[in-house]
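Colleague: I have a few questions about this protein before I return to the bench. Could we go through the structure together?

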Amino acid sequence: MIDENLPIEDVRAIFANERFATNAGCIIVEASKHHAVCEMPLTDLHRNAQGGIMGGAIFTLADFALAVAVNVGQPDTVAIDNNIRYLSAPKGSKLIATARIDKAGRSLAFVTVTVTDDTGRTVAIMTATGFRTA
């Protein structure tokens with residue numbers, strides 16, 4: 001369990017081991033029990049052949065925010081189910097994922113992650129189920 005009272009720098013250091021997400025540019029902005037906000041500045045790395053932002057890049061940020069929300073102040077948790085709906089193409093220069101735990105049970109956690117861009121446009125909504133491994 002990651003202590004929910006850790007300074008944000010310490011939480012970032014723990015999640016630095018999420019190499020795929022951090023190499024993609026994902027950054028933790030807020031981390032508390034049942035809640036996380038993560039950002040990802042958009043670069044050419046995130047673009048598809050048509051110049052749009054790849055769905056996989058959006059999913060990566062949402063999944064990273066999910067991981068932070070379900071593990072800070074909670075038993076060790078992994079995602080066992082994710083469903084993402086892509087609603088709009090991002091227009092801004094970064095994406096922001098806000099994860100909230102809708103219900104935290106003994107074995108399962110149910111989470112909603114909303115991804116917006118920095119213009120306020122809702123880009124995607126992910127619903128996920130986490131399994132408590134500890």
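Colleague: Is Cys26 buried or exposed?

Modeller: Please keep in mind that this is a predicted model. In it, Cys26 is buried, with a relative accessibility of 6%.

Colleague: And how many disulfides are there?

Modeller: The count is 0 disulfides. For Cys26, the nearest cysteine sulfur belongs to Cys38 and is 7.0 Å away. A disulfide requires two cysteine sulfur atoms within 2.5 Å, so this pair does not qualify. Cys38, likewise, is in no disulfide, its nearest cysteine sulfur being that of Cys26.

Colleague: What is the relative accessible area of Cys38?

Modeller: The value for Cys38 is 0%, and the residue is therefore classed as buried.

Colleague: Which residue is the bridge partner of Cys38 in β4?

Modeller: That partner is Ala97. Val37 stands opposite Thr98, also in β4. In total, β2 and β4 are joined by 7 bridges and run antiparallel.

Colleague: Let us step back to the whole sheet. What is the strand order?

Modeller: The sheet is open and has 6 strands, in the order β1-β2-β4-β5-β6-β3, with antiparallel pairing. At the edges are β1 and β3 (77-86), each of which pairs on one side only. From one strand to the next, the twist averages 20 degrees.

Colleague: How many bridges join β4 to β5?

Modeller: There are 9 bridges between β4 and β5, and these strands run antiparallel. Together they form a hairpin with 3 residues between them. One of the facing pairs is Ala104 with Ala109 in β5.

Colleague: Which strands does α3 lie across?

Modeller: α3 lies across β1, β2, β3, β4, β5 and β6. Relative to β3, α3 runs at about 140 degrees.

Colleague: What does α3 give to the largest nonpolar core?

Modeller: α3 gives 11 residues, the most of any element. That core has 38 residues. The elements that supply two or more residues are α1 (8-15), β1 (27-32), β2, α3 (55-71), β4 (94-104), β5 and β6 (122-132).

Colleague: Which residues touch the most other members of that core?

Modeller: They are Phe15, Val113 and Val115. Leaving out residues up to four places away in sequence, Val113 touches Ala62, Ala65, Leu66, Ala97, Thr98, Ala99, Ala124, Ile125 and Met126.

Colleague: Now for the polar residues. Where is Thr112 found?

Modeller: Thr112 is in strand β5, residues 108-117. Thr112 has a relative accessible area of 12%, so it counts as buried.

Colleague: Which side chain is joined to that of Thr112 by a polar contact?

Modeller: The side chain of Asp102 is, at 2.6 Å. Beyond its neighbours within four places in sequence, Thr112 is in contact with Thr98, Ala99, Arg100, Asp102, Ile125, Met126 and Thr127.

Colleague: What about Glu39: which side chain makes a polar contact with its side chain?

Modeller: The side chain of Lys94 does, at 3.1 Å. Glu39 lies in strand β2, residues 35-41. Residues up to four places away in sequence aside, Glu39 touches Gly25, Cys26, Ile27, Val29, Leu61, Lys94, Leu95 and Ile96.

Colleague: Gly25 is on that list. How many residues apart in sequence are Gly25 and Glu39?

Modeller: They are 14 residues apart in sequence, and their C-alpha atoms are 8.0 Å apart in space. Gly25 lies in the loop between α2 (19-23) and β1. Not counting residues up to four places away in sequence, Gly25 touches Glu39, Met40 and Pro41.

Colleague: How accessible is Gly25?

Modeller: Its relative accessibility is 24%, so Gly25 counts as partly exposed.

Colleague: One last topic, the loop between β1 and β2. What is the phi of His34?

Modeller: His34 has a positive phi of about 75 degrees, although it is not a glycine. Most residues other than glycine have a negative phi. His34 is found in the loop between β1 and β2.

Colleague: What is the relative accessible area of His34?

Modeller: The figure is 30%, so His34 is partly exposed.

Note on methods: Residues numbered from 1 in each chain as written. Predicted model: local features only at pLDDT ≥ 70, side-chain atom pairs only at ≥ 80, totals over all residues. Heavy atoms only, no water. Buried < 20%, exposed > 50% of the residue type's maximum accessible area, 1.4 Å probe, protein only. Helix = DSSP H or I, 4+ residues; strand = E, 2+ residues; numbered from the N terminus. Polar contact = N/O pair within 3.5 Å; in protein donor to acceptor, adjacent residues only side chain to side chain. Contact = heavy atoms within 4.5 Å. Core = buried A, V, L, I, M, F, W, Y, C linked by side-chain atoms within 4.5 Å. Pairing = 2+ DSSP bridges. Axes fitted to C-alpha atoms, helices over the stretch in contact; angles between N-to-C directions.
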